[in-house]
Each structure stands twice: as C-alpha cells, then as structure tokens.
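Please walk through this structure with the model open beside the text, pausing at each residue as it is named. The paragraphs below move from a single loop out to the helices, the domains and the pairing of the chains.

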Protein chains: 2
Amino acid sequence: MDKIKIEKSTEEKILAAAKKVFISKGMAGARMQDIADEAGINKALLHYYFRNKEKLFEMIFMEASQKLFPKINSIFESDMPLFEKIENFCEEYITIMSENPYLPLFVLNEINQDPENFMSKIWDKQKFPRPQKFLEQVEKEVKKGTIKKISPLHLLINLISMCIFPFVGKAMIQFTNDLDELQFRNIMIQRKKEIPKFIIDSIKK
Amino acid sequence: MDKIKIEKSTEEKILAAAKKVFISKGMAGARMQDIADEAGINKALLHYYFRNKEKLFEMIFMEASQKLFPKINSIFESDMPLFEKIENFCEEYITIMSENPYLPLFVLNEINQDPENFMSKIWDKQKFPRPQKFLEQVEKEVKKGTIKKISPLHLLINLISMCIFPFVGKAMIQFTNDLDELQFRNIMIQRKKEIPKFIIDSIKK
DNA sequence: TCCTTTGTTAACCATTTGGTTAAACTGTAT
DNA sequence: ATACAGTTTAACCAAATGGTTAACAAAGGA
C-alpha cells in the first residue's frame, strides 16, 4: 500500500457519499441519514453544507449528467472524418462510462421521472448534445456515395444505443450471460473496437 | 365514440393505477395515496385488496418483467434461420415495447436498485432470457462461413441494445432531436425494419 | 487571553407515509 | 323485513424522514 491517505474535507466526504447513495438508490430512494452515515458525519452537518436534499441532489445530478453528455459534443462537432469520428466516440465514451457504470441508468431514470424539473433546472445550464453536425455529415457522405444509403438519425441512435445500453442493462447482461465484474469490464473494452467495426461494416460500400 | 364503457372491477382499477404510478415514479417514489387517487378509491381499500405496498409492487413488477423478458426466449430458442430470427425479434420486441415505452427503464432500474431482492423473489419464478441457442447459432453460421467472423455475444448485445435503448433514452432522444410523441412512434416503427437491415448489412458476406 | 467565526453534534420538531380499525354501506339469500 | 357476507370509507396510529435548534468544540485573530 503505497497510497497516501489524504484527509478529505467534510464537503468532499459528503459529496462522495451523496454520489454513492443517490446513484445506487435514486433521488426518491435515498435517505439523508444514509448519506450522513456513509460520510461518517452527523445528519445536521449535511444541511449545514447543503441547504436541503434537493440542493444536494442537484449538485450530484449536475455532475453526473455533465459526465454523461458533454463529452459527446466535442466529438460530434469536430471536423474528423465520419469513420474516425465513430471510432473516437466509442473509445472515449465507453472509457468514461466504464469508470462510472451506474451513471447512465441513474441519469436517464431521473430525467424520465421528472422531465419538467430536469429541463428547467439542469438542461440549459450546460451544453446539451447537439448531434446536428453529425447528422449532416452522415447525410453528406450518403449523397457523395461514400457510404450506403442510411437514415442519419437511425445511425446515430444505433451508435449511442450500442455504447450506452450495456451499462443500463448491466445487471441483466451479467446475469443472463453469467459474467462477473471483470468479464463485464473486458467485454466493454472489446466493444470500443467491436462497435465501430460493426457499424462501419454495415455502412461502408 | 362507439366505445362501450365497461365498468372495471376495483381490483382492475387498482392494478391499472398502480402500474401507472409505479412505472412513472418507481417503487421508492410511488405513494400509496397517489395510487388510491389515481384509482379513485380510498387508500384503505388498497390494503384490503393487496396486503401492502411491497405485495402490490411485486405484482406490477412481475407483470412488467414478464412483458420485458419472456417473449425473447420463444424467438431465440426457435428453429428459424438466423436472419429471419433477427428480423422477427426486432419486429416483435419493438411492437410490444411501443405499447409500453416506459417499461424497460422501469424494470431495468428496479433490477439495478435491488438486485438481491429481485433475483430471489422474481427471477426464477419465470423463465429468464436464455440466449444460449442464439449464441450457438451465430457461432455455427460463422464456422460455416455464411456470415462474417463476429463475436456472438457482441452481436447479441448489439441487437438488444438497438431495440431496447431507444425506449430507455426516450426523453433524451426526443429532446435532443426535437421529436414529439408521434414522431418518436414513427421512428420506432421504422426501426423494426432498419435494425435488421443494419445488422444483416454488417454481418452478411 | 478573550472574542469571533466556523464546524459539529445531540436532541427535537413537523410532516409524510404505510398501514390499521371500526363503522357504514351494498347487495343477496332467507 | 332480517341477517349476513363482501366491500368501502373516515379517522386514526406509529414509524420514518427531512429539516431545525441550541449548545458546544476548534481555530484563529486582536
């Protein structure tokens, strides 16, 4: 153990605990007491640092959704060639999500459970996925005849589905295929290459 | 309006209301009072028909997960040729889910939030997805050389990802692409054909 | 050393929530 | 009419839960 134990500040301890509890139980299922226990502090201290449950949740959710979304844009809006862009996206995206495998389900579920609140408070504060440029790029390639005729939107949905879904359905996939954590991790590493290959095989002429 | 209004029994009213509330708010977020209101009855009547929240939830969750899972098996384990099987799966699966678009997120989220409880109580009561035969079939086709060399497991994950994820990420997809309910429905109808085409284009020789 | 600010806690409070009870209502057979 | 079973409700209860308070400890500056 050459890891030096650095004293985390109380605020950091709370945020780490809140992240863990919120992501595993969701906003409705999380208990302030659980978070306090997890952080090893008194419950009142939570309210000293963060006014209330909603504020604390918002902080965690913001961080989480920022991890889930904005990395997408920088790739989608870049000037890379299409195939390279697809490869890049899979690589980057799966790498980030592998470090936070429960994050996509958490974010998508909370969005779904309270869309109005989500949109108003969280949405416009950060850049949201703008797939426009990607869609146009696909259309251009189709017209140029460099790839098969395919609906850009369906291609986009296929791409993000194959990257994100395995994390959302992690428990199901692991159980039906009898995979432990390590095996799952390895499969996701493989998918960084498998998905682009699968897509490009499908659309290249 | 030539629809005849048939009086639903109280039990049916409760189940319908519970389904609606549980699926939109999840187990933890659902309130017994909400369900009672939705059903237009007194809260105590809920406990008259279903002992407690857990029992009521279990009933709804069972029904939901039975809709999400077992239809898969009959197709996966049939003797259809591979391409036909893929076409059949997409067609059937998306049709069912289009009638219950929020069901996949609900089920996957609850599984994730309480895996132990899920496994013990719900899991073995019903047949669970057995993709074995599908995987073997893919491997056989690869060896025969009728399709490209591809990992059967990745192909399977790709298939279910592209079918299920759009429902899980419905809110996100609708928002980023500015789609109303009807447009989303139509895109999912297209996907019944688009997904098999996309897959077969990728793996056929 | 005293005083002020910041951090931390135990005890407490008000509301929400799942669940119970006992009474009342409804239809049906006697 | 009466009795009886199943159904429905208003009122109630206890536990859980988010949040507050007041007292206390620690740190630092005058």
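Asp178(B) sits in the loop that joins α11 and α12 (181-203) of chain B, where helices (H or I, at least four residues) and strands (E, at least two) are DSSP runs numbered from the N terminus. Although Asp178(B) is not a glycine, its phi is positive, at about 55 degrees. With a relative accessibility of 66%, Asp178(B) counts as exposed; on this scale buried means under 20% relative accessible area, exposed over 50%, and partly exposed in between, computed with a 1.4 Å probe on protein chains only. In chain A, Asp178(A) lies in the loop between α11 (170-177) and α12 (181-203), has a positive phi near 55 degrees, and at 66% relative accessibility counts as exposed.

This is a predicted model, in which local features need pLDDT of at least 70 and side-chain atom pairs count only at pLDDT 80 or more, while totals for chains, interfaces and linings use all residues. Residues are numbered from 1 along each chain as its sequence is written, chains are lettered from A and ligands numbered from 1 in the order in which they are written, and side-chain values use heavy atoms, with hydrogens and water left out.

On the other side of that loop in chain B, Lys170(B) is found in helix α11 (residues 170-177). Is this lysine buried or exposed? Lys170(B) is buried, with a relative accessible area of 2%. Leaving out residues up to four places away in sequence, Lys170(B) touches Pro101(B), Tyr102(B), Glu181(B) and Phe184(B), contact here meaning heavy atoms within 4.5 Å.

Helix α4 of chain B, residues 53-68, offers a check on helix geometry. The expected span of a helix is 1.5 Å times one less than its number of residues, so the 16 residues of α4(B) should span 22 Å, and the end C-alpha atoms are indeed 22 Å apart, which agrees. At the start of α4(B), a side-chain oxygen of Asn52(B) comes to within 3.2 Å of the backbone nitrogen of Glu54(B). The buried residues of α4(B) include Leu56(B), Phe57(B), Glu58(B), Ile60(B) and Phe61(B), and Met62(B), Ala64(B), Ser65(B) and Leu68(B) are also among them.

Turning to chain A, helix α2 (residues 32-39) has Met32(A), Ile35(A), Ala36(A) and Ala39(A) as its buried residues. Seen down the axis of α2(A), these buried residues fall within an arc of 100 degrees, so they line one face of the helix; the arc is that of the directions from the helix axis to the C-beta atoms. An α-helix has 3.6 residues a turn, so residues three or four places apart point the same way. The buried residues of α2(A) pack against α1 (10-29), α3 (43-49) and α4 (53-68) of chain A. Just after α2(A), Gly40(A) takes a positive phi of about 70 degrees.

His47(A) lies in helix α3 of chain A and, at 38% relative accessibility, counts as partly exposed. Apart from neighbours within four places in sequence, His47(A) is in contact with Met32(A) and Asn52(A). His47(A) and Met32(A) are 15 residues apart along the chain, and their C-alpha atoms are separated by 9.4 Å.

Stepping back to the whole of chain A, its secondary structure comes to 12 helices and zero strands, and buried residues make up 52% of its 205 residues. The C-alpha trace of chain A spans about 65 × 40 × 35 Å along its principal axes. Among contacts in chain A between residues at least 6 apart in sequence, 70% join residues at least 24 apart. The domain assignment, with bounds from an automatic or database source, gives domain 1 (8-61) and domain 2 (69-203) in chain A. The centres of these two domains of chain A, taken over C-alpha atoms, are separated by 29 Å, and nine residues of domain 1 are in contact with 10 residues of domain 2.

How are the two chains related? A rotation of 180 degrees, with 0.0 Å of shift along its axis, superposes chain B on chain A with an RMSD of 0.1 Å, the fit being by least squares on the C-alpha atoms of residues with pLDDT of at least 70 in both copies. That is the relation of a two-fold axis. In chain B, the C-alpha nearest the axis belongs to Ser202(B), 1.8 Å from it. The same surface serves both copies, as 100% of the contact residues of chain B recur in chain A.

Technical notes. Polar contact = N/O pair within 3.5 Å; in protein donor to acceptor, adjacent residues only side chain to side chain.
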